[in-house]
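Below are some notes on the two chains and on how their helices pack. Please read them beside the coordinates.

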Amino acid sequence: MKTRLTASKDVLAGAIFLVIGVVTFLLARRYELGVPTHMGPGFFPALVAGVLTLIGVASIVRSIAKQDVDPITQYRLQPLVLVFVGVLAFSLLIERTGLVVASAALIGIACFPRLRTNPIEVLVTYVVLTAFAAIVFVRLFDMQLPLFWWE
Amino acid sequence: MTDVFHNLAHGFAIALTPSNLLYCWLGALLGTMIGVLPGINVLIAFSILLPVTYHMDPIGAIVMLSGVYYGAHHSLSTSSIMLNMPGESSAIVICFDGHPMAKQGRAGPALSIAALSSFFAGCVGVLIIAFFAPFLANAALWFQAPEYTTVCILALVGASLVSSKSKLNTLGMACIGLILGTVGTDLHTGVERFTFGNLKLDHGIDFVPIAAALFAFSEIALRLGALTERPRIESRIRDVIPRWADIRQSLFPTLRGTALGGTLGILPGTGPFIASYAAYAVEKGLAKEPGRFGNGAIEGVAAPEAANNASAFTHFIPMLTLGIPAGAVFAMLMGALEVQGIQPGPDIMVNHADLFWGLIASMWLGNLMLLVLNLPLVGVWLKLLETPYRFIYPTILLLACIGCYAVNNQTFDIQVAAVALLLAYALQRLDCSPGPLIIAMILGPTLEENLRRAMLISDGDPSVFIRRPISATFVVLTLALIAAFVIPAFRRGRSSDRAVAEGAEAPALAADVD
């Protein structure tokens, strides 16, 4: 899985800032803005959103004025997807099944490419890490972390 | 003056209690490991460790976290020297001469001189904190809402502008951080902002999941996406004891580096990269044969290493006395203190004298431990340096997930981190530095509160920020900083500026695209 984006980094970053800025501004306007002497809850977010929008515009304008395309370097996207799915799986499992299963899901998903070439190594990593976490966090620091689904 | 010695004695009494001594040693040891292990830095370590420290007593927590911080700074030079791979931007400069020394078979003296100058700079840095912090705390009593507003802005602008990525985009990151900081119940009016009816957002978004997403998760996705083989250690360590000539040559560079770093560190938002870079430039300027620099000049290791460590310590001054963090690490330290119910600021020396002086004393002890830990065990650290990343990233992932969960014992925080990962990844791919976002998120409520108060006492007149002398100074400094970065960029044209920035960052990423 590879991405090739030829648009300039600054244009894209500027666009993200612009969108976040405008959306925040519109949301902030639903709260009372107030007057400078007595600022309402919407004043500060609206102010910052305004600045962010300006930064977004400036970033886009600067990039277009500069005219040199600063293309985004290529990265494999697979690790991002694996990390995202792994973390999400952990969050969904930890309270239902406990650490032992949740950690297996997280490490299994995050190390998926390695799981196919060297499953023993991934298994050892999983056992060592889970045992470490269980001993240090649950036993030593007394965290409220279920280990198994029956706890 | 005698007060300071009296207080320091009191601090040592606290730092020398068995539990605090253990936390100090543990912090220094963990820090050293984090400094040498590839792919993990202080920010990642803090995202994991902060929730753990919520279960500890405040003094032990801050003593240990600080130990992790300066311990990592102490050992950062190891991978720069041995592998030409700086773990953090402040260690880039050490590569310039440290790695050539290693290639010439002089890795031992390079490592030992780095350790000795770190130790010296650390001792001086701790003394600067002890003597200077009370002065600054007194001065800070003059600070009112307008001053706090402008110094917050100075810290945010400073942190964004010294970033090695695109400075404008990084300012945008700071704005996103400020917006994230406003989520939750508004303290003045009780209005719930940006919660979308979700009760879990009432108290705001916790900064630990955001930090985990920014520093731990997206760093893993970026590294794995661009991974290449790590370089292997080429040179052997023959002798860690430096020659007399090495020590003599490093003496004055260490002194100058310490002075420079110690001074720069007090300014909020500068960061250790500036200090070590400036120290290197000074030594090169003063040298009789500047051509030696870049080819294994020992001064090029001693001075930046001293500056780096001196500033690492004096950065504590603005955080402790003003509540203004010098960088993302300190923003997170502040966040940890606030969770423990300790608000850094001018009163900290009065209200939490035990913590303040205990911390200072522990830093001195920790510094000594580092010297004892680093040199004799250099073989162990070199082994750690070669740990494959495929064992490190699952560790970070699991511990960071548990850390996110442990903040409030709710899975919602892990999901916040997962969603934040997507945005953090995209923005970091687009040349935005993540640090200022977390600084802004933690400083945001302070900034908003003081802006509101300043406008209230001035009757809505914004000139209050330039009518008060201290506040006006911060405004002028902020504008000068912006001018210093914007004007040369216009003159040179942006492309060459970008090339310099990327040249500096290249060894840090240590990976090309396949």
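1. The radius of gyration used here is taken over C-alpha atoms, and the globule rule is 2.2 Å times the number of residues to the power 0.38. For the 514 residues of chain B, a compact globule would have a value near 24 Å, and chain B, with 22 Å, therefore agrees. Along the principal axes, the C-alpha atoms of chain B fill a box of roughly 65 × 60 × 55 Å.

2. This is a predicted model, in which local features need pLDDT of at least 70 and side-chain atom pairs count only at pLDDT 80 or more, while totals for chains, interfaces and linings use all residues. Residues are numbered from 1 along each chain as its sequence is written, and chains are lettered from A and ligands numbered from 1 in the order in which they are written.

3. Chain A does not follow the globule rule: 151 residues would give a radius of gyration near 15 Å in a compact globule, but chain A has 23 Å. The C-alpha trace of chain A spans about 55 × 45 × 20 Å along its principal axes. The domain assignment splits chain A into domain 1 (9–66) and domain 2 (78–140); such bounds come from an automatic or database domain assignment. The C-alpha centres of the two domains lie 39 Å apart.

4. Helices (H or I, at least four residues) and strands (E, at least two) are DSSP runs, numbered from the N terminus. Chain A has six helices and two strands, in the order α-β-β-α-α-α-α-α from the N terminus. Chain B has 23 helices and two strands.

5. H1(A) packs against H2(A) at about 155°, with the axes 7 Å apart. Axes are lines fitted to C-alpha atoms, for helices over the stretch in contact, and angles run from 0 to 180 degrees between N-to-C directions. H1(A) is therefore roughly antiparallel to H2(A), given that angles under 35 degrees count as roughly parallel, over 145 as roughly antiparallel, 65 to 115 as roughly perpendicular and the rest as oblique. The crossing of H1(A) past H2(A) is left-handed (the near helix is turned anticlockwise from the far one by less than a right angle; clockwise would be right-handed).

6. H4(A) (residues 99–110) and H6(A) (residues 119–140) have axes that come within 10 Å and cross at roughly 140°, and the two helices are therefore oblique to each other. H4(A) passes H6(A) in a right-handed crossing. Residues are in contact if their C-beta atoms, placed from the backbone, lie within 7 Å. Among the H4(A) residues that meet H6(A) are Leu99(A), Val100(A) and Ile107(A). By class, this contact has nine nonpolar, three polar and no charged residues (Ala, Val, Leu, Ile, Met, Phe, Trp, Tyr, Cys and Pro count as nonpolar, Asp, Glu, Lys and Arg as charged, and the others, Gly among them, as polar).

7. How many residues does each chain bring to the contact between chain A and chain B? Chain A brings 62 and chain B 60. H2(A) gives the most on the chain A side, with 12 residues. That side divides into 40 nonpolar, 13 polar and nine charged residues.

8. Across the interface, H6(A) packs against H18(B) (residues 389–408) at about 35°, with axes 11 Å apart, in a right-handed crossing. Thr125(A), Leu129(A), Ala133(A) and Phe137(A) are the H6(A) residues in this contact. The contact has eight nonpolar, two polar and no charged residues.

Notes. Contact = placed C-beta atoms within 7 Å.
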